[in-house]
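Colleague: I have a few minutes before the group meeting, could you walk me through this one?

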Amino acid sequence: MTNDSVGVLSRAEAESIVESLRFGIPPAGFVRPFTVGRADELERLERSLGNASSERGAALLVKANYGAGKSHLLQVIREMALEAGYAVSLVQVNALEGVRFNRMDTIMGAVCARMEVPEAGGIGVGRLFDAFRNRATNTVESEALTCNGTWDYSDYLSSPGLYAGLRAWCNTDDQAVRDFIEDWLANPPAYRSQRKLLYQTLVSDLRAMFRDSRAEWQFYADEVFMFHTGGHRNAWGALADLDLVARSSGLRGLVILFDEFEDVIQNLNRRDYQEEAFLNLFRFFAGERFAGMAYFAVTPEFVAKCKVELMSRGVMDFDFGRFSRLPFFEMSEITEKEFLDLSRRIRALHAVAFGWEAVQALGDRELSRLVDKLWSVRTPERVRLAIQGVVESLDELFEDI
């Protein structure tokens, strides 16, 4: 976003952005315009979206210090991916709130809960299912996935659970059933004892809409509705299937963004839980179980922290070299000159938001002095605090006129 392009925003849009900048962060949807730095690095980050293929996934560590851009960079990737035609899910890993990286059923649930699709409002896996339903007519992918519209069984998808949910979604307009499907897929652990209800809602009540000759007991014996058993095979299969459904919907695939990944060090308090979490990380990077693209936000010291944590717990037979071989992206630090350019955009935005001549009250020379003062405070959160400082100064000048 340039100073000129700020002028095309409505006053309400500009004011909403300023309100977010008071906290030192741009709002969702406007992260890229407020990202300054080396253009070649941002282009490399955007090109990384194409690293995954329909046969093999890929992953990347996104390194930055706390308060210095990890979450910001994930938001940049989110906007890049949506603009490029990918489905996107931004997940915050938090074992204390039930999103545990050693438990792929909770990760799958979080991915479903935070699903976004280009040009579709809201979040949730239903946005992706709607995209498939709206496009799934007479295409090779839809015929393979739906068994030519009979919906009896699919060898195209790996997860029988996700298939049951997608099938029910595409064969009903009952909003209560759709809400049930979304809640189940977003919170699979909460439904472990609800097999009967799941069968009744997703299969029995809708049998007239599709062909499925399996008896009720077979669904239970095959653990169709369970995502936590068998090494979480159904959960991994569901993640792979979400990417396939995205591609079958005319999208380019699924991009998963994991924020606060170092939660696996801080909040998984058992050695075996941590080992499993790290193995799941390596599985994403191997690209065999998930064919989409995955990004993990970590600090620059992440690899060293992992090694120290495992060794402190007596784990000596782990292949520590695997951590060092993980590909990563690390953005160069923002310079004062680059931040001055960002400050000019904020000044122009503030003028639109409140209808005043901000450039007359805070000219280029005065703005440069302000930035020099704010930038002199060295802290990992310097960029965020400096943004807040610029907005605060503009607010004070506006109040004085």
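Modeller: Below we go through the sheet, two helices, the cores and one loop serine, and please keep in mind that this is a predicted model.

Colleague: Start with the sheet, then: what is the strand order?

Modeller: The sheet is open and has six strands in the order β3-β2-β4-β5-β1-β6, with mixed pairing. Because β3 (115–116) and β6 (328–330) stand at the edges with a single partner strand each, one side of each is left without a neighbour in the sheet.

Colleague: And which helix packs on the sheet?

Modeller: That is α14 (residues 271–286), which touches β1, β4 (254–259) and β5 (293–298), and whose direction makes about 120 degrees with that of β1.

Colleague: Over how many bridges does β1 pair with β5?

Modeller: The two strands pair in the parallel sense over six bridges, while β1 (residues 58–63) and β6 are also parallel, over three bridges. L61 has F296 as its bridge partner in β5 and stands opposite F328 in β6, and K63 has E330 as its bridge partner in β6.

Colleague: Which way do the β1 side chains point?

Modeller: A58, L60 and V62 point one way from the strand, whereas A59, L61 and K63 point the other way, and all of them are buried. That fits the general pattern, in which the side chains of a regular strand alternate between the two faces of the sheet.

Colleague: Back to α14: what span should it have, and what does the model give?

Modeller: With 16 residues at 1.5 Å a residue, α14 should span 22 Å, and its end C-alpha atoms are 23 Å apart, which agrees. Its buried residues are Q274, A277, F278, N280, L281, F282, F284 and F285, and just after the helix G287 takes a positive phi of about 75 degrees.

Colleague: Which residues have the most contacts inside the largest nonpolar core?

Modeller: They are F225, F284 and F296, in a core of 83 residues. Leaving aside neighbours within four places in sequence, F296 is in contact with residues including A59, L61, F101, F258, L281 and F284. Apart from that core lies another, of 27 residues, among them V18, W356, I387 and V390.

Colleague: Changing topic, which helices do the buried residues of α9 pack against?

Modeller: They pack against α5 (104–113), α6 (125–135), α8 (160–170) and α10 (195–202), and the buried set consists of V177, R178, F180, I181, E182, W184, L185 and A186. The helix itself (residues 175–186) has twelve residues and reaches 16 Å from its first C-alpha to its last, close to the 16 Å expected.

Colleague: What happens at the start of α9?

Modeller: There, a side-chain oxygen of D174 reaches to within 2.9 Å of the backbone nitrogen of A176.

Colleague: Last one, S249: buried or exposed?

Modeller: S249 has 8% relative accessibility, so this residue counts as buried, and its place is in the loop between α12 (233–248) and β4.

Colleague: What does the S249 side chain reach?

Modeller: The side chain of S249 reaches the backbone nitrogen of F132 at 3.3 Å, and a polar atom of that side chain also lies 2.6 Å from the backbone oxygen of V245. Leaving aside neighbours within four places in sequence, S249 is in contact with L128, A131, F132 and R135.

Definitions and conventions: Residues are numbered from 1 along each chain as its sequence is written. This is a predicted model: local features need pLDDT of at least 70, side-chain atom pairs count only at pLDDT 80 or more; totals for chains, interfaces and linings use all residues. Side-chain values use heavy atoms; hydrogens and water are left out. Helices (H or I, at least four residues) and strands (E, at least two) are DSSP runs, numbered from the N terminus. The expected span of a helix is 1.5 Å times one less than its number of residues. Buried means under 20% relative accessible area, exposed over 50%, partly exposed in between (1.4 Å probe, protein chains only). Contact means heavy atoms within 4.5 Å. A polar contact is a pair of N or O atoms within 3.5 Å; within protein, one must be able to donate a hydrogen and the other to accept it, and residues adjacent in sequence count only if both atoms are side-chain atoms. Two strands pair if DSSP finds at least two bridges between them. Axes are lines fitted to C-alpha atoms, for helices over the stretch in contact, and angles run from 0 to 180 degrees between N-to-C directions. A nonpolar core is a set of buried Ala, Val, Leu, Ile, Met, Phe, Trp, Tyr and Cys residues joined through side-chain atoms within 4.5 Å.
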